[in-house]
Amino acid sequence: MENDTGKFGAPRPCAMNRRGFFKSAAAAAAVAAAGTLGAAPADSKRRNAPAASISKRRTLGSAGAAMEVSALGFGCMGMTYNRSAHPAKRECIALIRNAAERGVTLFDTAIIYGPLNNEELAGEALEPFKGKVALTTKFGHEVVDGKGTGRQDSRPETIKRYCEESLKRLRLDCIELFYQHRFDPKVPVEDVAGAVGDLIRAGKIKRWGICEVGADTIRRAHAVQPLTAVQSEYHLMWREVEKNGVLRACEELGIGVVPYSPINRGFLGGCINEYTRFDPKNDNRPSLPRFSPEAIRANMRIVEELNAFGRTRGATSAQIALAWLLSRSPSIVPIPGTTKLSHLEENLRAADFSIAPDEWEELEGKIAAIPVVGNRYNAEQQKQIGR
Ligand SMILES: NC(=O)c1ccc[n+]([C@@H]2O[C@H](COP(=O)([O-])OP(=O)(O)OC[C@H]3O[C@@H](n4cnc5c(N)ncnc54)[C@H](OP(=O)(O)O)[C@@H]3O)[C@@H](O)[C@H]2O)c1
């Protein structure tokens, strides 16, 4: 249960020693080979392997806006939106519950994912964990008759209506963390913060966050209603938040940072190559310059560096990508998404690695020497961020 200090789930002792780690890593590989999702491993040897879990906790935000969550969260978006593979609902529910049982207490969704069906999925999956985990969602993208219009609508009256509707889909009485998904140029952020403050006072939400905005907007928003978290893209191929003042503002103001797409939409996990086919109807990656076959081919050198670095440390490239983010600051909580039990296992173990600062510096130096080909967003998407 959440306690007075905003904690989710009692930290569970991590029973895993180094030997157990390798044993269960092998089990995870066996599960991966069998291509299962949410299913139990077949033979008894694999059944006996300890499951990966996460006991480390981190705090997003400070003072009255603080919230203690698992060091790694879980992004639900890809289960119904933008990531090609959309498994059956019962399999997604099993995987989300599996994550919660393994100690994950921060789950991420948004009204626009689907639209609407991702919130419904996450709400149904996490209903048995009510009060034990934080299911966070986002408003801002306009949705009319179940379809996204491509416009922003963060008018106070819309935020309040969207909140009521999200509460129903999420099967909650109160949303633990409600983010503004994108800046609305027609609504000053102070008015957004004011509407969110009304929702907090009405007991509809507990805290709020904001995504992909500039440092000045963060400061203005926080001055009206203290922010718990800023969600921005951040990973080894996109470190803009280190340069544009966003991380500095969050550190100064005691705001948590939630890096989204922490494996760069799967690319840093090494399962994507120039021949990968994305479903154009339900995957946004073909619209992103970094996912053109030429860019993928060129940027593969980065994945190779992560693999080389991980090989001598018993880690995969995805684990290195996540462990690097965790090493940047104790107030960072990445939210990788997956549709596979094997990847969930792998990702949760990323929190168990201990890599020294000089080793990270060495990796950063090698990555910095590789020019990244292709922008992360196309021109239209770019207009909506950093405001
Ligand atoms: N605030 C925002 O504007 C915003 C924007 C985008 C996303 N988000 C949030 O961030 C979450 C994560 O973002 P994301 O899904 O874009 O990117 P991501 O977490 O970087 O990558 C997800 C992709 O990586 C693959 N993957 C996961 N673990 C892997 C592993 N260990 N090895 C190889 N591949 C692996 C997944 O495929 P499999 O299913 O095959 O594992 C999936 O296609 C979303 O669910 C969403 O909640 C927020």
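Ligand contacts, cavity and backbone geometry

Biologist: What makes Y113 and the ligand a polar contact?
Modeller: A polar side-chain atom of Y113 lies 3.3 Å from a nitrogen atom of the ligand. The cut-off is 3.5 Å between N or O atoms, so the pair counts. The model is predicted.

Biologist: Which atoms of Q231 and G75 make such contacts with the ligand?
Modeller: For Q231, a polar side-chain atom is 2.8 Å from a ligand nitrogen atom. For G75, a backbone N or O atom is 3.3 Å from a ligand oxygen atom. Both distances are within 3.5 Å, so both pairs qualify.

Biologist: How do you know whether the ligand is buried or exposed?
Modeller: Taken alone, the ligand exposes 900 Å², and the protein buries 93% of that.

Biologist: Which residues are closest to the ligand, and how many surround the ligand?
Modeller: The count is 31, and the closest are D108, T338, T339, K340 and H343. By class, the shell holds eleven nonpolar, twelve polar and eight charged residues. Its largest share, three residues, is from α12.

Biologist: What is the volume of the largest cavity, and which residues line that cavity?
Modeller: The volume is about 50 Å³. With the count taken at 30 Å³ or more, there is one cavity. Its lining consists of G73, F74, V104, P336, T338, L344, N347 and L348. Helix α12, residues 341-349, contributes the most, with three residues.

Biologist: What makes the lining of the largest cavity nonpolar, polar or charged?
Modeller: Five of its residues are nonpolar, three are polar and no residue is charged. Gly counts as polar under the scheme used, so G73 falls in the polar group.

Biologist: Why is the pair of F74 and F107 called tilted?
Modeller: A search of the whole structure gives seven aromatic pairs. In the pair of F74 and F107, the ring centres are 5.9 Å apart and the planes meet at 40°, so the pair is tilted. The limits are under 30 degrees for stacked and over 60 for edge-to-face, so 40° belongs to neither class. F74 is in strand β3 and F107 in strand β4, so the pair ties together parts 33 residues apart in sequence.

Biologist: What marks the peptide bond from G114 to P115?
Modeller: This bond is cis, with omega near -5°. P115 sits in the loop between β4 and α4.

Biologist: What is the phi of S84, and what is the phi of E212?
Modeller: S84 has a positive phi of about 60° and is not a glycine; S84 lies in the loop between β3 and α3. E212, also a residue other than glycine, has a positive phi near 50°, and its loop runs between β9 and α7.

Methods. Residues are numbered from 1 along each chain as its sequence is written. This is a predicted model: local features need pLDDT of at least 70, side-chain atom pairs count only at pLDDT 80 or more; totals for chains, interfaces and linings use all residues. Side-chain values use heavy atoms; hydrogens and water are left out. On a 1 Å grid over the protein atoms alone, a cavity is a set of points where a 1.4 Å probe fits but cannot get out, and a pocket is an open set with protein on both sides within 12 Å along at least five of seven lines; lining residues have an atom within 4 Å of a point. Grid points are joined across faces, edges and corners, and a volume is the space filled by probe spheres set on the points. Helices (H or I, at least four residues) and strands (E, at least two) are DSSP runs, numbered from the N terminus. A residue is near a molecule or strand if one of its heavy atoms lies within 4 Å of it. A polar contact is a pair of N or O atoms within 3.5 Å; within protein, one must be able to donate a hydrogen and the other to accept it, and residues adjacent in sequence count only if both atoms are side-chain atoms. Accessible areas come from the Shrake-Rupley method with a 1.4 Å probe; for residues, only the protein chains shown count as cover. Rings of Phe, Tyr and Trp (its six-membered ring) pair if their centres lie within 6.5 Å; planes under 30 degrees apart count as stacked, over 60 as edge-to-face and the rest as tilted.
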